[in-house]
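Me: I'd like to go through this one and ask how each label is earned. Can you take me through it?

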Amino acid sequence: VDSQVSVFTGLYPQAHIKPEYKPETDVIRDFMNDSVNVIITSLKLSDNQMTILKAKLLEPRTVAVAWDALALIINKKNIDSLLTYENVKAIFDGKITDWNQLDPKSKLGKINVIFDNDKSGNIRYFKERFGLTTLGSNFYAVKSNPEVVDYVSKSPNSLGIVSVNYISDKDDSLSMSFIKKIRTVGVTQEYIDNEWYYPLQGSIYDQTYPFIRQINMITRETYYGLGSGFMAFVASEQGQRIILKAGL
């Protein structure tokens, strides 16, 4: 998003955009409270939220601008870098809680699952995917995706969840510093457990990696203003080249 804003405001010096980065639930709350005109999220507005906005004579418009993936990451000392889809599901629903349930030779102990925030869209995705309402005592929230990477790099028994763009931009020094600290887990598809896929651009594109999601831009503007113009730019060829460069 920083790259999109930088290029857009470079092309249109009169335009001023101030991005705010917040957990998903806070982003939606701000949008409903009219604190922001445009949001970028993997969440779609619910029927109830749409009804509330339409009662205010607003007709939110949604544009899909990217697909990203949720990467599972492990410590470099952990040799269990391949998991089946059912393995991952069993970890989330509490049937697998120890690394030796995946590999009897493992001495890493309890699997600590680390995610980015209590209000995270990352953890919401998996809860909805696996039909969960609560998580086990071995699930821990930190404050950001970079903190997930840092935690996993220091804890051999941890399993982290991060948005793949934090480790996918090969031209970004921060992204590359992250990938040097950890290993990415390969995962099978839901009903085929003999071929593993990683959250790489090609596997996002052809949807062979199982944990992908659509990224939307949503505006509540009732006219063609700055927000709508920025959305149009991100969806244009120039904006999509930035998406492509980021590994999405």
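**Labels and the values behind them**

Reply: Sure. Leu-82, Trp-196, Tyr-198 and Leu-200 make up a nonpolar surface patch, with about 370 Å² of accessible area together. Keep in mind that this is a predicted model.

Me: What makes Leu-200 exposed?
Reply: Its relative accessible area is 55%, and exposed means over 50%, so Leu-200 qualifies. Leu-200 sits in the loop between β9 (196-197) and α8 (201-205).

Me: Which residues have the most contacts inside the largest nonpolar core?
Reply: Leu-72, Ile-73, Val-88, Phe-92, Phe-126, Leu-159 and Phe-211, in a core of 54 residues. Strand β2 (residues 61-75) gives the largest share of this core, eight residues. Another core, of ten residues, lies apart from it and includes Ile-39, Leu-45, Leu-53 and Leu-58.

Me: And what is Val-88 in contact with, leaving aside neighbours within four places in sequence?
Reply: Leu-72, Leu-83, Phe-126, Phe-130, Val-187 and Phe-211.

Me: How many aromatic pairs does a search of the whole structure find?
Reply: The search turns up 13. One of them is Tyr-85 with Phe-130, edge-to-face, at 5.7 Å centre to centre with 70° between the planes.

Me: Why is the pair of Tyr-85 and Phe-130 called edge-to-face?
Reply: Ring centres have to lie within 6.5 Å, and planes over 60 degrees apart count as edge-to-face. Tyr-85 and Phe-130 come in at 5.7 Å and 70°, so both conditions are met. Tyr-85 is in helix α4 (residues 85-92) and Phe-130 in the loop between α5 (121-129) and β5 (139-141), so the pair ties together parts 45 residues apart in sequence.

Me: How do you know that Tyr-85 and Phe-130 are buried?
Reply: The cut-off is under 20%. Tyr-85 has a relative accessible area of 2% and Phe-130 one of 8%, so both count as buried.

Me: What puts Tyr-209 and Phe-211 in the edge-to-face class?
Reply: Their ring centres are 6.0 Å apart and their planes stand at 90°, so the pair is edge-to-face. Tyr-209 and Phe-211 are both buried, and they belong to one aromatic cluster with Tyr-85, Phe-92, Tyr-125, Phe-126, Phe-130 and Phe-139.

Me: Why is helix α2 described as largely enclosed?
Reply: Seven of the nine residues of α2 (residues 24-32) are buried, so the rest of the structure largely encloses this helix. The buried ones are Glu-24, Asp-26, Val-27, Ile-28, Asp-30, Phe-31 and Met-32. Their cover includes β1 (38-41), α3 (47-55), α5 and β10 (212-219).

Me: What makes Asp-30 and Lys-22 a salt bridge?
Reply: The nitrogen must be within 4 Å of a carboxyl oxygen. For Asp-30 and Lys-22 the closest N and O atoms are 2.6 Å apart, so the pair passes. Asp-30 also bridges to Arg-29, with the closest N and O atoms 3.4 Å apart. A network of salt bridges links Glu-20, Lys-22, Asp-26, Arg-29, Asp-30 and Lys-119.

Me: Are Asp-30 and Lys-22 buried or partly exposed?
Reply: Asp-30, at 8%, is buried. Lys-22, at 37%, is partly exposed, because partly exposed runs between under 20% and over 50%.

Me: Last one: why is Gly-239 called buried?
Reply: Its relative accessible area is 0%, and the limit is under 20%, so Gly-239 is buried. This residue lies in helix α10 (residues 237-245). Not counting residues up to four places away in sequence, Gly-239 touches Gln-4, Phe-233 and Val-234.

Technical notes:
Residues are numbered from 1 along each chain as its sequence is written. This is a predicted model: local features need pLDDT of at least 70, side-chain atom pairs count only at pLDDT 80 or more; totals for chains, interfaces and linings use all residues. Side-chain values use heavy atoms; hydrogens and water are left out. Patches are made of residues with over 30% relative accessible area and no salt bridge: like charges are joined within 9 Å, nonpolar side chains (Val, Leu, Ile, Met, Phe, Trp, Tyr) within 5 Å. Accessible areas come from the Shrake-Rupley method with a 1.4 Å probe; for residues, only the protein chains shown count as cover. A salt bridge is a side-chain nitrogen of Lys or Arg within 4 Å of a carboxyl oxygen of Asp or Glu. Helices (H or I, at least four residues) and strands (E, at least two) are DSSP runs, numbered from the N terminus. Buried means under 20% relative accessible area, exposed over 50%, partly exposed in between (1.4 Å probe, protein chains only). A nonpolar core is a set of buried Ala, Val, Leu, Ile, Met, Phe, Trp, Tyr and Cys residues joined through side-chain atoms within 4.5 Å. Contact means heavy atoms within 4.5 Å. Rings of Phe, Tyr and Trp (its six-membered ring) pair if their centres lie within 6.5 Å; planes under 30 degrees apart count as stacked, over 60 as edge-to-face and the rest as tilted.
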